Amino acid sequence: MAEGSTAAVAPAPEQALRPWTQTWIDAQPLAPAWAGCAFAAGHVLLGALYFAVFVAPRISETWAVYQDQGGLLSTCVFALIIGYAVAGLAYARRGHEATLRDLLPALDCNPAERSELRQAVLHFRTTALRRTGLIAAIGAIGITFFTTNVAQRLGHPALLWVLWQNALASWLLVRTIAHDLHVSRVFSRVAERHAELELFDLTPLTPLAGRGLQSALLIVLGISLTSLMLGAGDDISPILPVTQTATVLLAGFALVLPSFGIRRRVRATKREELARLSAEIRAVRAARAATDGPGSQETESRLATVLALKQHVEATREWPFDLGTLGRFLLYAAIGVGSWLGGAAVERLLDLLLG
């Protein structure tokens with residue numbers, strides 16, 4: 001759950017309530033990226049061993065069978081997804097802690113509440129994550145079995161390996177995304193409840209926008225890796241438009257999720273301020289109608305000031321985003337869409353060259 005500076009906050013029993021992959025990464029002196037590479041390499045070696053023992057009738061034929069069954073490239077692609085999911089979760093945890101650290105100055109809470117917030121942000125819901133991973137794995141097995149030519153090779157030992165790596169990759173990737181979105185939802189609640197809101201300056205709350213960008217990038221890169229399956233021999237082009245749309249929509253949801261709570265606060269505050277200004281405008285107009293002589297100029301000036309303030313309040317932005325945030329998100333979305341388009345183009349080129 002927590003790393004380094006969080007150890008003093010979380011009680012000892014809670015330290016064990018996190019995925020074993022994250023416990024292993026925290027115990028290593030290497031960066032999470034290298035740990036992800038280790039998991040990826042381990043998956044490739046396990047695939048080679050499986051094909052050598054169960055698929056190839058003789059050791060000398062292992063390499064040929066591995067390539068003939070599409071196992072080599074497919075296994076490498078799934079190894080990338082597995083390594084990315086494991087390392088991505090570790091980096092996401094670091095991002096969660098950094099976001100909380102940057103957001104704390106904008107929160108109105110005492111030390112005990114800050115410790116509770118830290119625990120909520122860095123805590124793993126292990127039972128819910130296992131349930132989510134299991135559902136993803138079962139779904140991946142069903143989709144793989146009934147939508148690819150794997151189903152035509154019943155009884156072939158390669159079938160078990162294909163189903164296994166689909167289930168494992170889906171388990172890890174969906175679990176990583178689900179945990180990241182859960183933490184973003186926690187940030188949304190924290191900001192709505194504890195943020196010190198200044199209606200005309202949302203700059204202290206920009207860490208929420210950064211959290212949304214991190215989450216969107218995590219999703220885009222993770223799903224984009226699956227586009228490599230186009231080059232691994234799996235014809236997934238029929239679902240290409242659906243996948244592209246789903247990637248952009250999910251990334252967009254991840255972008256705004258941490259800021260949902262503060263947006264509700266801003267909208268509620270704006271409604272209250274606009275109601276107050278409207279009442280003041282009515283009062284000033286009534287006073288203007290009843291005022292003659294020198295006092296009328298002061299009333300007119302006051303009315304113009306209140307009207308300008310009301311327009312300013314109405315124009316106040318409700319999200320802690322700026323043009324830079326939106327520009328970076330569009331870039332991330334382009335990466336997602338481009339990866340699938342590029343994969344489809346490579347698939348068509350290979351069909352033309354080999355057809």
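**Exercise 1. Classify Trp 164 as buried, partly exposed or exposed from its relative accessibility, and then place the residue in its surroundings.**

Solution. Trp 164 has 40% relative accessibility and therefore counts as partly exposed, given that buried means under 20% relative accessible area, exposed over 50% and partly exposed in between, with a 1.4 Å probe and protein chains only. The structure is a predicted model, in which local features need pLDDT of at least 70 and side-chain atom pairs count only at pLDDT 80 or more, whereas totals for chains, interfaces and linings use all residues. Residues are numbered from 1 along each chain as its sequence is written, and side-chain values use heavy atoms, with hydrogens and water left out.

The next step is location: Trp 164 sits in helix H8, where helices (H or I, at least four residues) and strands (E, at least two) are DSSP runs numbered from the N terminus. Leaving aside neighbours within four places in sequence, Trp 164 is in contact (heavy atoms within 4.5 Å) with His 43 and Leu 46. From C-alpha to C-alpha, Trp 164 and Ala 137 are 8.8 Å apart in space, while 27 residues separate them in sequence.

**Exercise 2. Find which residues make the nonpolar surface patch that includes Trp 164, and which helix gives the most to it.**

Solution. Patches are made of residues with over 30% relative accessible area and no salt bridge, like charges being joined within 9 Å and nonpolar side chains (Val, Leu, Ile, Met, Phe, Trp, Tyr) within 5 Å. Under this rule, Leu 46, Leu 49, Val 53, Phe 54 and Trp 164 make a nonpolar patch of about 510 Å², with accessible areas taken from the Shrake-Rupley method with a 1.4 Å probe, and with only the protein chains shown counting as cover for residues. Helix H3 (residues 32-55) gives the most to this patch, with four residues. Val 53 lies in helix H3, and Val 53 counts as exposed because its relative accessibility is 52%.

**Exercise 3. Identify which residues form the positive surface patch, and where its largest share comes from.**

Solution. Lys and Arg count as positive and Asp and Glu as negative, while His and the chain ends are not counted; the place of a charge is taken as NZ of Lys, CZ of Arg, CG of Asp or CD of Glu. The positive patch is then formed by Arg 125, Arg 131, Arg 185, Arg 189 and Arg 193. Its largest share, three residues, comes from helix H8 (residues 158-194). Arg 193 is found in helix H8, and its 64% relative accessibility is why Arg 193 counts as exposed.

**Exercise 4. Count the salt bridges, and describe what the pairs Glu 97 with Arg 118 and Glu 192 with Arg 264 join.**

Solution. A salt bridge is a side-chain nitrogen of Lys or Arg within 4 Å of a carboxyl oxygen of Asp or Glu, and by this rule the count comes to 11.

In one of these pairs, the side chains of Glu 97 and Arg 118 meet at 2.5 Å, N to O. Glu 97 lies in helix H5 (residues 71-103) and Arg 118 in helix H6 (residues 111-122), so the pair ties together parts that are 21 residues apart in sequence. Glu 97 is buried, with a relative accessible area of 8%, and Arg 118 counts as buried at 16%.

In another pair, Glu 192 and Arg 264 meet at 2.9 Å, N to O. This bridge links distant parts of the chain, with Glu 192 in helix H8 and Arg 264 in helix H11 (residues 260-289), 72 residues apart. Glu 192 is partly exposed at 27%, and Arg 264 is partly exposed at 45%. Beyond pairs, Arg 263, Arg 267, Lys 270 and Glu 318 are linked in a network of salt bridges.

**Exercise 5. Determine whether His 179 is buried or exposed, list what it touches, and then describe the chain as a whole.**

Solution. His 179 is found in helix H8 and is buried, with a relative accessible area of 3%. Not counting residues up to four places away in sequence, His 179 touches Leu 89, His 96, His 123, Phe 124 and Leu 129.

For the whole chain, there are 13 helices and zero strands, and buried residues make up 45% of the 355 residues. Among contacts between residues at least 6 apart in sequence, 82% join residues at least 24 apart. The accessible surface of the chain comes to about 18100 Å², of which 65% belongs to carbon and sulfur atoms.
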